[in-house]
Amino acid sequence: MEPSQLKAIITRLEAMTADDSSIDVRKFEKDGTERCTVTFDRERQMFLLDDHSENEDFEFDDIDLVAMEIYDLIQ
């Protein structure tokens, strides 16, 4: 059985929320191609997802929802 990709995504997102900086950024890619960038705005307690395939930005206040969106983008 392969390790859960969703769990790995959530771990990375949780690390962003634990960081003391006001804004933290993570890039998510598949096969060397960047699929999205996620920024955590500590002041607003929001995840901001920049979907590179659609050139759209989304805001999430729920770690599970942003993790599922990232999972869909890298599959």
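**Briefing: two helices, a nonpolar core and a pair of loops**

Thr11 lies in helix H1, and that helix is a handy place to start. Keep in mind that you're looking at a predicted model. We'll go through how H1 meets helix H2, what sits in the largest nonpolar core, and two loop residues with a positive phi.

**How H1 and H2 meet**

- H1 covers residues 5-18 and H2 covers residues 63-74; their axes come within 9 Å and cross at roughly 125°.
- That angle makes H1 oblique to H2, since oblique takes in whatever falls outside the ranges for roughly parallel (under 35 degrees), roughly antiparallel (over 145) and roughly perpendicular (65 to 115).
- As for handedness, the crossing of H1 past H2 is right-handed.
- On the H1 side, the residues in the contact are Gln5, Leu6, Ile9, Ile10, Leu13 and Glu14.
- Facing them from H2 are Ile63, Asp64, Val66, Ala67, Met68, Ile70, Tyr71 and Ile74.
- Sorted by class, this contact between H1 and H2 has 11 nonpolar residues, one polar and two charged.

**Three spots along H1**

- Leu6, in helix H1, touches Ala67, Met68 and Tyr71 once you set aside its neighbours within four places in sequence.
- Take Leu6 and Tyr71 as a pair: they're 65 residues apart in sequence, yet their C-alpha atoms are 6.4 Å apart in space.
- Leu6 has a relative accessibility of 30%, so it counts as partly exposed.
- Thr11 is partly exposed too, because its relative accessible area is 45%, and partly exposed runs between the 20% and 50% cut-offs.
- From Thr11 to Ile63 you count 52 residues in sequence and 10 Å in space, C-alpha to C-alpha.
- Ala18, also placed in helix H1, comes out as exposed because its relative accessibility is 59%, and exposed means over 50%.
- Ala18 and Gly32 are 14 residues apart in sequence, with 27 Å between their C-alpha atoms.

**The largest nonpolar core**

- In soluble globular proteins, nonpolar side chains tend to be buried together.
- Here the largest nonpolar core has 15 residues, and the members that touch the most others are Leu13, Phe28, Val38, Leu49 and Ile70.
- At least two residues of this core come from each of H1, strand E2 (33-41), strand E3 (46-51) and H2.
- Which element gives the most to the core? H2 does, with five residues.
- Two of those well-connected members, Leu13 and Ile70, also turn up where H1 meets H2.
- Leu49 is worth a click: leaving out neighbours within four places in sequence, it contacts Cys36, Thr37, Val38, Glu56, Asp57, Phe58, Phe60, Val66, Glu69, Ile70 and Leu73.
- Among those partners of Leu49 are Val38 and Ile70, both on the list of members touching the most others.

**Two loop residues with positive phi**

- Most residues other than glycine have a negative phi.
- Asp31 has a phi near 50°, a positive value in a residue other than glycine.
- Where is Asp31 found? In the loop between strand E1 (23-30) and E2.
- Asp31 is exposed, given its relative accessible area of 73%.
- Gln45 has a positive phi as well, near 55°, and isn't glycine either.
- Gln45 lies in the loop between E2 and E3.
- Is Gln45 exposed or partly exposed? Partly exposed, because its relative accessible area is 46%.

Note on methods
Residues numbered from 1 in each chain as written. Predicted model: local features only at pLDDT ≥ 70, side-chain atom pairs only at ≥ 80, totals over all residues. Heavy atoms only, no water. Axes fitted to C-alpha atoms, helices over the stretch in contact; angles between N-to-C directions. Helix = DSSP H or I, 4+ residues; strand = E, 2+ residues; numbered from the N terminus. Left-handed = near helix turned anticlockwise from the far one by under 90°. Contact = heavy atoms within 4.5 Å. Nonpolar A, V, L, I, M, F, W, Y, C, P; charged D, E, K, R; others polar. Core = buried A, V, L, I, M, F, W, Y, C linked by side-chain atoms within 4.5 Å. Buried < 20%, exposed > 50% of the residue type's maximum accessible area, 1.4 Å probe, protein only.
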